[in-house]
Every structure is written in C-alpha cells, then in structure tokens.
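Open the structure in your viewer and keep the sequence panel visible. The stops below are meant to be selected one after another.

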Amino acid sequence: MLKRTLLSLLAAALIGSAGTIGPVQAKSAPEPELVNLSLGKSYTLETPYQLDSLFGKTESAHPDDTGRQLTDGEYGGTTFSNPAYVGRIWQGSRIVTIDLENPATVEDIYVNFLQDNPNGIFFPLKVHFSVSLDGRKWEKLKDGRSALPTTLKGPATQKIGISGIHKQARYVKVEFPVQSWVFLDEIEVLGTPDLSGKNRIRPLRGRSKPAIRRKVPNRRAASTARCCCIPANGSMSRPTGFRSRRKI
Ligand SMILES: [Ca+2]
C-alpha cells in the first residue's frame, strides 16, 4: 500500500513538473540595431524672430563653423570654448530642422547640451520634438525634459531627448528655449533605415508658442560669457576671426 502511494506521488510530481515546462516558447525577433540616421546630414538652425543685431553678433563668438557641427559626431566635452560647441544667446528659442534625406523609422532623438553656470550657460528645461515625412505636415511628439537642475554649477553635459517614437519620418525638428546662453554640440536621431514605423502623421494644430524672452537671472555671469566680444565700455567690437553671418 505504501509502495503504491509513493508511486502515485512520484507520477503526480512528474505530471506537475511536465506541466510547468509547457510548450517551447518561440524565440522573439531580435531588436533591430539602431543607427544614427542624422550623422552627417544637413540641417537649418533658425530663430523664430528676426535676427537680433546685438545678440546675433554676440553669439557669433561660438558659431556653427561648418554648418554640420550638430550632426558630425564630434563632442566638445565640458569646455564651452571647445570649437565643437555651438553657442546661442536669447532671442526666444532655436529651431533645428534636420533632413535625413530619405524616409526612415525614427526611434529616439537626443540633444547634447552643456551647463556651465559661472559662464552663464544653462540647460534648457525642455526640448520640443516633431517629425514629418514631407517637410510640410508635422506631428508634434512629447517633450524631452532636463534631468538636471539649472542650479547645478557644472560644467556638466546631458542628453535631453525622447525614446520609443517608432514613426516614419524624413525630417526631424528640434526646438529649445534660449533664455541665456545655450550650448549644444550634437543631435542624434536614432532609428532604422526601413519603413517599419507607423506612418500616420497627425498635423500640428497651430504653431507652438515661442518661449517668453526675459532677463537673465545671473547678469554678471552672462556678461562674463559675452565679454569675449563686448568690452567694458559696452560698445560692440568684433572679436578675432569675426565673420558676418546671416545664417544663425
Ligand atoms: Ca558635433
């Protein structure tokens, strides 16, 4: 009797064990490897306002020398004077529109910013993103938000962006407020060069409000950052290597 009971228990254990194994799970397809779709691509860098004669000249101290500095894969570290950085000051915000040259599937977008409080350079609190297939109808995506406070002395860098977009697009628009100096050195649009993403573009409803231009909290710091081209007497002078630029 005892032997029969033990055999029954053993059989039940085997059945239970078999039940937990279940059918063999099908292997899920590996995640596609993301590539930097924006690497080496052209873009425009604009302000929503007419070019300001004062600040337009001031920010020329930190120009986009090649017109491709934001997509060349080069970073400037934590030194704002590194020529890899593009510096912009005031005038509400800046809008970078990248042409990926071909429709692709966009997954992540990141912008690398510098903060250097003593030099009046701050992270933007958030960055707006939108995508388009034809450059006319745009779909606004969620905003990317800074994970570090503007009170952080720095110098420090962070990538502000969004992930999991999964949309077909040829054009990517990035807009960030510029309420003091903003320094950035690279924009990455990661994705796959296929059309596996969703292609439904929901047009924007009106234009997003530009950031309100207000005074820099730390005037002394901002003056320090501008001193490379504004002498103590306040008159504007041309720094070494100054070049007139209509394109900002
Ligand atoms: Ca770069």
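The tour goes from the whole chain to one strand, then to the core, and ends at a single residue.

**Whole chain**

Start with everything shown as cartoon, and keep in mind that this is a predicted model. The protein chain has three helices and 10 strands. Followed along the sequence, these elements come in the order α-β-β-α-β-β-β-β-β-β-β-β-α. Of the 248 residues in the protein chain, 31% are buried. Among contacts with a separation of 6 or more, 82% join residues 24 or more positions apart.

**Strand β10**

Next, select residues 181-192, which form strand β10. Is this strand mostly covered or mostly open? Of its 12 residues, 10 are buried, so β10 is mostly covered, taking 20 or more other C-beta atoms within 10 Å as the mark of a buried residue.

Now add the strands that pair with β10, beginning with β1, residues 35-36. The two run antiparallel and share two bridges. To find the place, select V35 and look across to G191 in β10.

Strand β3, residues 86-89, also pairs with β10 in the antiparallel sense, here over four bridges. Select G87 in this case; F183 of β10 stands opposite.

How many bridges join β4 to β10? There are nine, and these two strands are again antiparallel. Pick D108 to see one such pairing: its bridge partner in β10 is L190.

**The core**

Hide the cartoon if it gets in the way, and show side chains. The largest nonpolar core contains 38 residues, and V106, V172, V174 and F183 have the most contacts inside it. Two or more residues each come from β3, β4, β5 (126-132), β9 (167-177) and β10. Strand β4 gives the largest share, 10 residues. In soluble globular proteins, nonpolar side chains tend to be buried together.

Centre the view on V174. Leaving out residues up to four places away in sequence, V174 touches V96, I109, V111, V127, F129 and I187.

**E101 on strand β4**

For the last stop, select E101, which lies in strand β4, residues 93-115. Why does E101 count as partly exposed? Because E101 has 13 C-beta neighbours inside 10 Å, while a residue needs 20 or more to be buried and 12 or fewer to be exposed. Then add S42 to the selection: the C-alpha atoms of E101 and S42 are 8.6 Å apart, although 59 residues separate them along the chain.

Terms used:
Residues are numbered from 1 along each chain as its sequence is written. This is a predicted model: local features need pLDDT of at least 70, side-chain atom pairs count only at pLDDT 80 or more; totals for chains, interfaces and linings use all residues. Two strands pair if DSSP finds at least two bridges between them. A nonpolar core is a set of buried Ala, Val, Leu, Ile, Met, Phe, Trp, Tyr and Cys residues joined through C-beta atoms within 7 Å. Two residues are in contact if their C-beta atoms, placed from the backbone, lie within 7 Å.
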